[in-house]
Structures are given as structure tokens and as C-alpha cells.
Amino acid sequence: MSSTGPTIAQVGEFPLIASLVRDLPSSPAISVGPGDDGAVFLVDGSAVVSTDVLVEGVHFRRSWSEAEDVGRKSVAVNVADIEAMGAVPVALVVGLSAPGDLPASWARECMTGMREESALAGVSVVGGDTTGGPVVTISITVIGQTAGLAPVRRDGAVPGDVVAIRGRLGWAAAGLVVLGRGFRSPRAVVDAQRCPEVAYGAGRQAALAGAHAMIDLSDGLVADLGHIADASGFAIDIDTARLDVAEPIVTVGMATGLDPMLWVLGGGEDHALAATFAPGTVPDDWQVIGRVLDPQDAPEPTVLVDGQPWEHPGGWTHF
Ligand SMILES: Nc1ncnc2c1ncn2[C@@H]1O[C@H](COP(=O)(O)OP(=O)(O)O)[C@@H](O)[C@H]1O
Ligand SMILES: Cc1ncc(C[n+]2csc(CCOP(=O)(O)OP(=O)(O)O)c2C)c(N)n1
Ligand SMILES: [Mg+2]
């Protein structure tokens with residue numbers, strides 16, 4: 001735990017920034033990294049940009065996660081959006097706000113986590129901004145490149161498509177319940193809440209396989225497939241018999257008396273990818289979990305679970 005040593009106020013803005021950006025890895029595409037008024041880098045094809053904000057108390061707690069976990073999570077959730085466009089992540093910029101009494105070691109360890117996850121994701125930190133603020137807030141903007149492929153949008157699903165996912169479901173939500181009750185195990189679900197395991201490269205794999213529509217699952221399977229259904233104008237049916245209910249979340253379900261299937265269908269923050277494909281084109285390692293319905297069978301663009309409307313709270317919303 002980073003609870004000792006000088007605070008960021010004691011270190012001061014510019015020495016803090018210098019310590020955060022020291023020795024950041026670069027890549028041949030990046031000609032100007034941190035330290036100037038802007039970063040300069042090449043992209044292959046159109047640029048794809050996405051941003052997500054993580055706020056202390058809303059997306060993480062410093063008492064639940066190490067600084068390194070928070071740094072890794074902030075990169076992972078952002079890169080997942082570039083993956084979900086079928087693009088290749090290239091660079092990211094980091095907005096960091098924090099109270100002056102934050103230990104400087106926390107900020108540095110958070111940056112270490114960002115560097116580690118960036119290395120996994122194949123992306124480089126090229127700049128950012130550091131300010132004071134009431135709680136730790138991390139706003140990352142990630143830039144990707146289309147590199148010869150059309151972006152895979154949310155609106156391309158057509159009747160007859162199969163729906164497939166790559167990644168885990170329900171783990172982070174089970175971890176949230178465990179942490180919320182003051183426990184730290186099962187470790188696997190707690191770790192999943194602290195930082196998702198994004199299948200880097202899987203979005204590109206789906207795009208190369210000709211995926212029709214894609215999204216990353218931040219708010220919950222039913223809720224996020226609902227965005228594909230709405231944008232595409234067709235209903236989606238999830239076949240629960242095809243969903244894995246993994247052993248650690250079964251354990252949490254038994255310990256809490258809660259139904260793990262509610263986390264699988266409704267829990268967010270695992271950032272699995274969900275995509276629709278023409279039958280027979282689903283890439284290796286993707287798991288078919290449902291299909292896009294014909295409007296004659298289901299006229300409204302909605303998400304059904306085993307052919308029925310889903311009667312539970314519809315995923316995470318902020319307000
Ligand atoms: N404050 C905002 N200003 C402009 N666009 C926004 C804002 N908030 C969200 N959006 C856009 O709305 C869409 C949905 O946002 P969100 O649900 O956060 O997507 P995701 O789950 O991919 O992060 C995205 O295209 C995002 O860029
Ligand atoms: C302290 C804490 N409380 C609650 C949650 C649960 N939670 C916060 S945000 C969120 C959903 C995803 O976040 P959002 O900002 O909506 O991401 P986006 O859809 O924009 O990618 C969930 C399940 C958490 N991770 N940590
Ligand atoms: Mg977002």
C-alpha cells in the first residue's frame with residue numbers, strides 16, 4: 001500500500017509529472033511523446049478515438065485496489081473500446097486529477113500499472129495532464145488506427161447472425177459484491193473487479209473475420225447487447241445454456257445467496273467483447289451465445305433471454 005512518503009502537494013506539479021513520464025516506452029510511430037505541448041504520431045488509416053473517465057468512489061476505491069490495479073484498469077477499459085471497433089490501439093493520453101494529500105508513491109504506482117497494461121495492449125502513453133481535484137479521477141483518451149479495415153460499428157447486426165463473446169462474464173460483478181461486503185476472496189473475482197482481463201487483439205481478430213457489429217461489455221451483457229439491438233434495429237436472443245457460470249462466481253453465489261446468472265447477464269466491468277457474425281464465420285476462441293432474430297419473429301429491437309424479456313435491472317447506469 002502506498003500510504004507513506006511525500007504527498008503530491010509536497011513533491012509539486014512539475015517534479016511529479018517528471019517522475020510520472022520518466023522512461024516511458026515509445027514506438028517508431030511516435031515522433032513526439034510527453035514533454036511538449038502536444039504529442040505527434042503516425043496512424044495507419046483513419047484514427048479511432050475513445051475516452052472513459054474513472055472516478056474514485058464510483059469506479060474504484062483506494063481501500064479496495066492497489067494504485068497499480070487502478071492504473072491498469074484505466075488503460076484496459078479504454079483500450080477495450082478501440083478493440084470493440086476492430087481497430088488497433090496506438091497511443092493514449094492520461095488526465096489525472098487528485099487531492100494534494102495523495103501520496104506521490106500512489107500516483108507513481110498508478111502510472112506503473114498504466115505502463116504495464118499499455119505494454120500488454122500494445123499501446124504507448126504519449127501525454128496527459130495533471131491537476132488538483134477533490135478525488136482521484138483518471139480520464140484516458142485512447143487513439144487507434146483502422147489499418148486497412150472498416151470500423152466495426154454497433155449498427156451492423158442482421159437477422160440470422162450469431163452472437164458470440166470473447167472474455168469472461170460476471171466475474172467483476174461478483175468481485176464487487178465480495179469487496180462491498182468487506183471480503184477479499186475468492187481472489188479471482190476480486191482481481192477481476194480490480195482490473196479486467198481484456199483479450200487484446202480479439203477485436204481485430206473479429207474484424208478480420210468480418211464481424212458485422214461489435215461492442216465491449218462495460219455495463220452488462222443484456223444492457224450492452226441492447227445497444228447493438230437498438231442501433232441495428234433487430235432483436236437478439238441470448239441462450240443461457242451456452243453461458244459459462246464459472247466456479248468462482250458460483251462460490252460467491254452460494255456464500256451470498258445471490259443468483260450468479262444475474263451477474264453473468266447483468267454485471268458489467270469484465271470488458272469481454274460481444275460481436276455478431278454470419279453463421280460459420282465465428283473466429284476461434286469466440287463463444288456463440290445467441291442469435292439475431294428475424295423481425296417477423298420479434299418486431300422490436302430488444303434483448304431476449306431464452307426467448308423471454310429479461311425482467312431484472314438492466315445493467316449499470318450512473319444516474
Ligand atoms: N459527455 C459526452 N460528450 C460527447 N459524447 C459522449 C459523452 N458521453 C458519452 N458520449 C458518447 O456516447 C456514446 C456512449 O457512451 P458510453 O455508454 O460511455 O460508451 P462506452 O460504453 O463505449 O464507453 C459513445 O459514443 C460516447 O463517445
Ligand atoms: C467503488 C465502486 N462502486 C461501484 C462500481 C461498479 N461500477 C462502477 S462503473 C460501472 C459500469 C462501467 O462504468 P462506465 O463508466 O459506465 O463505463 P462505460 O460504459 O462508459 O465504458 C460499474 C459496474 C465499482 N467498480 N466501484
Ligand atoms: Mg464510456
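**Exercise 1. Is D129 buried or exposed, and how many other C-beta atoms lie within 10 Å?**

Before we start, a word on the model and its labels. This is a predicted model, in which local features need pLDDT of at least 70, side-chain atom pairs count only at pLDDT 80 or more, and totals for chains, interfaces and linings use all residues. Residues are numbered from 1 along each chain as its sequence is written, while chains are lettered from A and ligands numbered from 1 in the order in which they are written.

*Solution.*
- Step 1: take the rule. A residue is buried if 20 or more other C-beta atoms, placed from the backbone, lie within 10 Å of its own, exposed if 12 or fewer, and partly exposed in between.
- Step 2: apply the rule. D129 has 11 other C-beta atoms within 10 Å, so D129 is exposed.
- Step 3: place the residue. D129 sits in strand β5 (residues 124-132); strands are DSSP runs of E with at least two residues, helices are runs of H or I with at least four, and both are numbered from the N terminus.

**Exercise 2. Compare T51 with what you just found.**

*Solution.*
- Step 1: T51 belongs to strand β3 (residues 47-55).
- Step 2: with 14 other C-beta atoms within 10 Å, T51 is partly exposed.
- Step 3: beyond residues up to four places away in sequence, T51 touches S139, I140 and T141. Contact here requires C-beta atoms, placed from the backbone, within 7 Å.
- Step 4: check the record. An unreviewed UniProt entry marks T51, D52 and D129 as "binding site"; such annotations may be inferred rather than shown by experiment.

**Exercise 3. Describe the surroundings of G290.**

*Solution.*
- Step 1: find G290 in strand β11 (residues 287-292).
- Step 2: G290 counts as buried because 25 other C-beta atoms lie within 10 Å.
- Step 3: leaving aside neighbours within four places in sequence, the contacts of G290 are V163, I236, D237, I238 and D239.
- Step 4: look at D306 too. It is 16 residues from G290 in sequence, and their C-alpha atoms are 8.9 Å apart.

**Exercise 4. Work out how helix α9 is oriented.**

*Solution.*
- Step 1: in α9 (residues 247-256), the residues P248, I249 and V252 are buried.
- Step 2: these residues cover an arc of only 95° around the axis, so they lie on the same side of α9. The arc is taken from the directions between the helix axis and the C-beta atoms.
- Step 3: the general idea helps here. An α-helix has 3.6 residues a turn, so residues three or four places apart point the same way.
- Step 4: on the face turned away from the buried side, α9 carries the exposed residues E247 and M254.
- Step 5: the cover over the buried residues of α9 includes α5 (171-180), α6 (187-194) and α10 (260-266).
- Step 6: after α9 comes G257, with a positive phi near 75°.

**Exercise 5. Locate the largest nonpolar core.**

*Solution.*
- Step 1: a nonpolar core is a set of buried Ala, Val, Leu, Ile, Met, Phe, Trp, Tyr and Cys residues joined through C-beta atoms within 7 Å.
- Step 2: the largest one has 95 residues, and L92, A107, M214, I236, L273, A274 and A275 touch the most other members.
- Step 3: helix α3 (residues 67-84) gives the most to this core, nine residues.
- Step 4: domain 1 (9-145) and domain 2 (162-309) both contribute residues, so the core lies between them. The domain bounds come from an automatic or database assignment.

Definitions and conventions. Contact = placed C-beta atoms within 7 Å.
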